[in-house]
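The following exercises concern strand pairing, helix packing and burial in a single protein chain. Each task is followed by a solution in steps.

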Amino acid sequence: MNEAPLAGLTILDLSRVLSGPYCTMLAADMGARVIKIEHPERGDDTRAWGPPFLAGESAYYLSINRNKESVAIDFKTPLGRQALDELIGRADVLVENFRPGTLDRLGLGYNDLQVRYPRLIYASISGFGLNGPRREEAGYDAVAQAEGGLMSITGAPDGPAVRLGVAIADIAAGMFAFQGILLALISRAQRGRGQHVDVSLLDSVAALLTYQAARYFATGIAPARTGNRHMTIAPYDTFDAADGVLVLAVGNDTQWQRLCDALGLDALGADARFSTNAGRVVEYDALHASLAAVFRQHALGPLVDRLRAAGVPCGAVRSVEEAMADPQIAARAMIEAIDHPTIGRLSLLGVPVKLSMTPGAVRTPPPRLGEHTAAVLRQDLGMDEAAVRALAEKRVVRLLE
């Protein structure tokens, strides 16, 4: 196998919970060495998030920390800080998601470090960004979804606003931060200097609004919740079948005709009100009622098969269990199994970006707290066994025996 694209890159990960660890996992999957700095007593907050736990490890933590090394060190102590400074000096990238100002007060902010380490790329992920009137507020995914407008357009029209089933603000911020790091690496190769990557949860949610924000800019009217209906494409919605729920995604007039032909809906296909997408959007109530009456008469499986055979985009609303059992998920290596020292065989999601020449990989399991502390102190910082033990006895570091 060819070398992964980020092999040779060292990332010092001072982040915790989701946005930062997700960012660094993306980098680790592509070959970067990620040294995860954790508090010696409690570690990453997500280590305590559960149940479920597997052999004492949180399933949440396990989902976003593979391919990393855990170094448990209290860098608020003088000796811990000295060790951290040495690691920073050896790193290409530092990732953090503390509240803005926290690391500045410790002399670990970008302005301090860029003077000493001009090639360092410093990525900050926060709730509201590093400037503006709300910069010092703590960032939480649910708050970002709510205040970024995303929650207001999620859910049924006659129901409450709904948070997405995954922490999409955190995940999107992690993705944007990874993108920013890659861009900063390209810039450093050209200019010889690192820079500050500033990503916020609020900005990330705002960026996800895309065409919903465009609707507001165009009309001055805030988009409302529409359930699973698309406001500019029809029929693009969910419908009840006899034994399940169908997702229909008719994106153009040709697909609409295929739908009508596949189900023998000659009258609907000939109805001038529905011949164009714009017409179907305007007359959606009548269209939906007609289609709903038809779909309720069909079993879901055969209905999906018939529509797919006709070239109509559709699917079934499936559980996570059903989705993970899809042979296409297996064919795309989107479930990986790896040996964990205490759990045994551990299933993790695979790498979604498939590179033909330099692919990423799930190489090592999520580390136990402090699993790599001793090795990093010895091999990277040149400490002898007595020095490492002395730090452990003073509770500056945690060793995993």
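**Exercise 1. Strand pairing around V93**

Task: In this predicted model, determine which residue of β7 stands opposite V93, and place β6 within its sheet.

Solution.
- Step 1. The residue of β7 that stands opposite V93 is I121. The two strands concerned, β6 (residues 93-96) and β7 (residues 121-126), pair in the parallel sense over four bridges.
- Step 2. V93 is also the bridge partner of I11. Strand β1 (residues 10-13) runs parallel to β6, and three bridges join them.
- Step 3. β7 in turn is joined to β8 by five bridges, again in parallel; here S124 has D198 as its bridge partner.
- Step 4. These pairings belong to an open sheet of seven strands with mixed pairing, in the order β8-β7-β6-β1-β2-β5-β14. Its edge strands, each pairing on one side only, are β8 (196-200) and β14 (397-398).

**Exercise 2. The faces of β6**

Task: State which residues of β6 lie on each side of the strand, and whether they are buried or exposed.

Solution.
- Step 1. V93 and V95 lie on one side, L94 and E96 on the other.
- Step 2. All four are buried, so both faces of β6 are covered, where buried means under 20% relative accessible area.
- Step 3. One helix that lies across β6 is α3 (residues 78-90), which also lies across β1, β2 (33-38) and β5 (68-73). Helix α3 runs at about 145 degrees to β1.

**Exercise 3. The environment of L108**

Task: Locate L108, classify it as buried or exposed, and list the residues it touches.

Solution.
- Step 1. L108 sits in the loop between α4 (102-105) and α5 (110-116).
- Step 2. Its relative accessibility is 1%, and L108 therefore counts as buried.
- Step 3. Leaving aside residues up to four places away in sequence, L108 touches F75, R81, L84, D85, I88, L103, L113 and Y122.
- Step 4. For L84, 24 residues away along the chain, the C-alpha separation from L108 is 10.0 Å.

**Exercise 4. Packing of α1 and α7**

Task: Describe the geometry of the α1 and α7 pair and the composition of its contact.

Solution.
- Step 1. The axes of α1 (residues 19-29) and α7 (residues 168-191) are 8 Å apart, at an angle of about 45 degrees.
- Step 2. The two helices are therefore oblique to each other, and their crossing is right-handed.
- Step 3. From α1, the contact involves S19, Y22, C23, L26 and A27; from α7, D170, I171, A173, G174, M175, A177, F178 and I181.
- Step 4. By class, these residues comprise 10 nonpolar, two polar and one charged.

Conventions:
Residues are numbered from 1 along each chain as its sequence is written. This is a predicted model: local features need pLDDT of at least 70, side-chain atom pairs count only at pLDDT 80 or more; totals for chains, interfaces and linings use all residues. Side-chain values use heavy atoms; hydrogens and water are left out. Axes are lines fitted to C-alpha atoms, for helices over the stretch in contact, and angles run from 0 to 180 degrees between N-to-C directions. Angles under 35 degrees count as roughly parallel, over 145 as roughly antiparallel, 65 to 115 as roughly perpendicular and the rest as oblique. A crossing is left-handed if the near helix is turned anticlockwise from the far one by less than a right angle, and right-handed if clockwise. Contact means heavy atoms within 4.5 Å. Ala, Val, Leu, Ile, Met, Phe, Trp, Tyr, Cys and Pro count as nonpolar, Asp, Glu, Lys and Arg as charged, and the others, Gly among them, as polar. Buried means under 20% relative accessible area, exposed over 50%, partly exposed in between (1.4 Å probe, protein chains only). Two strands pair if DSSP finds at least two bridges between them.
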